[in-house]
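Q: I'd like a close look at one part of this structure, followed by a walk through the side-chain interactions elsewhere. Could you take me through it step by step?

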Amino acid sequence: MPTLPAFVLAAVQPYLQTLLLWLSNLAYDKLVAKDQQQLLVKLHARLDLTAIETACAAYHHASGPGTTPTHPVPLLVRAILVGYLFNYPARQLEYQIRFNLLVKWFVGCPIWEPGPDHCTLNRFHAWVCQKQHRSFFDEVLHQVDRDFPEERLQPQIGDTFAMRANAAQESLTRLLRHTSQYLLRDLQQERPDLYAQVIAGQNYQSLLAPKGERPEPFLDDAARQARLQATVRVVIGLQERAQAAITGCPPETLSRVRLRLEDLTKILADEFALTRDAQGQVVAVKELPKDDKGTYRLGSATDRQATYRKHGEEQKDITLGYNVSLSITPKGFTREIHADTGAQPDQAGVAPLVSEQIKHQGLCPPKIIYDKAAGAGKTHALVDKASNGQTQLVAHTIAYEKRTERFTPEDFTLSEDAKTLTCPNGQTTIKFYPRQGEGRHFRFLPTQCRDCPLTDTCRGDEVKPENYRQVFISDYRDQLRAAKAYNQTEDFKADMHFRPRVERVIFMLTNYDGARRARRRGQNCADFQAKMCATARNLRLWIKQLDLRQAAQAALPVAA
């Protein structure tokens, strides 16, 4: 039974949407008036998302009933931002938009509308990750610089942390089988005819995933090795058949199949020593010792771009995932952040921290303060090149302990043209052999060292009298000497006083902002997640610094 007469409903019907919108805005005004200290209320009043909304205006559905988005782009932009501000997964974000009035108001959704579902949010998130990878991060920094212009001129502190992959670490047997299963699946989807050719006469389903097989953790070492040996032989046979089947296909086709074949090739090369007979058949399979295995080893077929990150003094902190590098200002604003595969060395991410800021923000930091991972001369040279000499890398130089009392390369004098080396006894040599990208090996002949009073200190027992004395001179010798000289100054001590601040930011990112574990798979998604987590942290710090500045201004005495 209607509560209002029919003529009243008929009279209101043309203005119903306007009335509902008025009621929604009225309710929101009452709500916001009582929650002025909420983060979303402060961001709504201060943060301008127009540039990001314009950049994302081209978003459309790739498939479905139409290309026009069901929900307006500004709503989706704010929804993604809320998800990272409070570390909400897509389903939880959908729930918050539907039932949390403050979140609903911030994203711009009327009270009576349910808002986007998690599928819509995920599609938009994937599109932004691919098309507008840095829009949120760079635009927020632009607005921070507008309120705190002095932050652009501050030295920066850099460090790294691990982001765990959204995939389980797999044993070698499981890794080989899983990758092979992906290979067969992708081949069947892209070329069913070639798939039938590969599996003809072979029952790979029973070979790669036999039913009733005893779980690997319950096997002893002998049984585990026997299963691994059998798996390697099956995988090699599958790899050869698949490679022969796709030979002759255009290079631009079968991209996923080719990637899986590359993965199998890398796993076999990194993990095993294969012995073949005269006909090319594998007759022996031996797992390589731990120290002889390849670099950038794959750890999961689910996320093929995740590798093992080894950290700590004894390399015991091992994480399958990504190595995230970041640089912050002394106040804690993250100026640059990027995710590399886990096996990427820490020092390899230092120069990109500078070059990416120059490229995307037009900013070249005066200093970047790092730990001893960046203490090598090569790292100093790369930073100097990336910044065109404008950024100084400050780090503890890597100290190599002298194993003997022999002279080190520092005891030899290099000429200005870097073509002549002089030993402590005054003998010179012009014989050198370059080592690509690293330096030169200078050699002193036995005749030059004969009857030398410094023989015991120079050659010792390691170099026989009839052999030449070889000295390696690094191409980055000058950069390392300059760094060592600066490290003896008071300015270096003052710079290192800021170093612990980056650990606090890393703790916040990994424990509160969701940067410890990747939500999606692939390096591009991990990098986007790291940037969005840093954006959320920058927004919180921005509002906090604005409140502190406002409180400080209010505490000043009013001028007469």
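Which side chain does the side chain of D303 make a polar contact with?

A: Happy to take you through it, with the reminder that this is a predicted model. The side chain of D303 makes a polar contact with the side chain of Y322, at 2.7 Å. D303 itself lies in the loop between β3 (282–287) and β4 (307–311). This aspartate is buried yet has no salt bridge. The nearest side chain of opposite charge belongs to R521, and it is 6.1 Å away. A salt bridge needs a nitrogen and a carboxyl oxygen within 4 Å, so that separation does not qualify. Leaving aside neighbours within four places in sequence, D303 is in contact with A165, A167, Y322, R521 and G522. Y322 is thus both a contact of D303 and its polar partner.

With that unpaired aspartate in mind, let's turn to the charges that do pair. A search of the whole structure finds 32 salt bridges. One of them links D138 to R134, with the closest N and O atoms 3.1 Å apart. Both D138 and R134 are buried. Another joins the side chains of R152 and D145, at 3.2 Å from N to O. Here the two ends fall into separate classes: D145 counts as buried at 10% relative accessibility, whereas R152, at 25%, counts as partly exposed.

A further salt bridge is made by E490 and K493, whose closest N and O atoms are 3.7 Å apart. These two are 3 residues apart in helix α20 (residues 490–496), so about one helical turn separates them. E490 counts as exposed at 56% relative accessibility, and K493 is exposed too, with a relative accessible area of 53%. Salt bridges can also share partners: R185, D186, E190, R256, R260, D263 and R304 are joined in this way into one network.

Now for the rings. A pair of aromatic rings is described by the distance of the centres and the angle of the planes. The count for this model comes to 11 aromatic pairs. Among them is the stacked pair of F124 and W127, with 6.4 Å from centre to centre and 15° between the planes. Both residues lie in helix α8 (residues 118–131), 3 residues apart, or about one turn of the helix. F124 is buried, with a relative accessible area of 1%, and W127 is buried as well, at 14%. Y486 and F492 offer an edge-to-face pair, with centres 6.3 Å apart and 85° between the planes. Both of these residues are buried. Returning to F124 and W127, they form one aromatic cluster together with Y59.

Rings also meet charges in this model. The charged end of R78 sits over the ring of F106, 5.1 Å from its centre. Likewise, the charged end of R519 sits over the ring of Y84, at 5.2 Å from the ring centre.

Finally, some loop residues deserve a visit, beginning with backbone angles. Most residues other than glycine have a negative phi. N87 has a positive phi of about 55° although it is not a glycine. You will find N87 in the loop between α5 (73–85) and α6 (90–99), where it is partly exposed, with a relative accessible area of 28%. N388 likewise is not a glycine and has a positive phi of about 55°. Its place is the loop between α16 (377–386) and β8 (392–394). N388 counts as exposed, at 67% relative accessibility.

Q36 makes a good last stop. This glutamine is found in the loop between α2 (16–33) and α3 (39–46). Q36 is partly exposed, with a relative accessible area of 44%. The side chain of Q36 reaches the backbone oxygen of V32 at 2.8 Å. Not counting residues up to four places away in sequence, Q36 touches V41 and K42.

To come back to where we began: D303 is buried and without a salt bridge, while its side chain makes a polar contact with that of Y322.

Key:
Residues numbered from 1 in each chain as written. Predicted model: local features only at pLDDT ≥ 70, side-chain atom pairs only at ≥ 80, totals over all residues. Heavy atoms only, no water. Phe/Tyr/Trp six-rings, centres within 6.5 Å; stacked < 30°, edge-to-face > 60°. Helix = DSSP H or I, 4+ residues; strand = E, 2+ residues; numbered from the N terminus. Buried < 20%, exposed > 50% of the residue type's maximum accessible area, 1.4 Å probe, protein only. Lys NZ or Arg CZ within 6 Å of the ring centre and 35° of its normal. Lys, Arg positive; Asp, Glu negative; His and termini not counted. Polar contact = N/O pair within 3.5 Å; in protein donor to acceptor, adjacent residues only side chain to side chain. Contact = heavy atoms within 4.5 Å.
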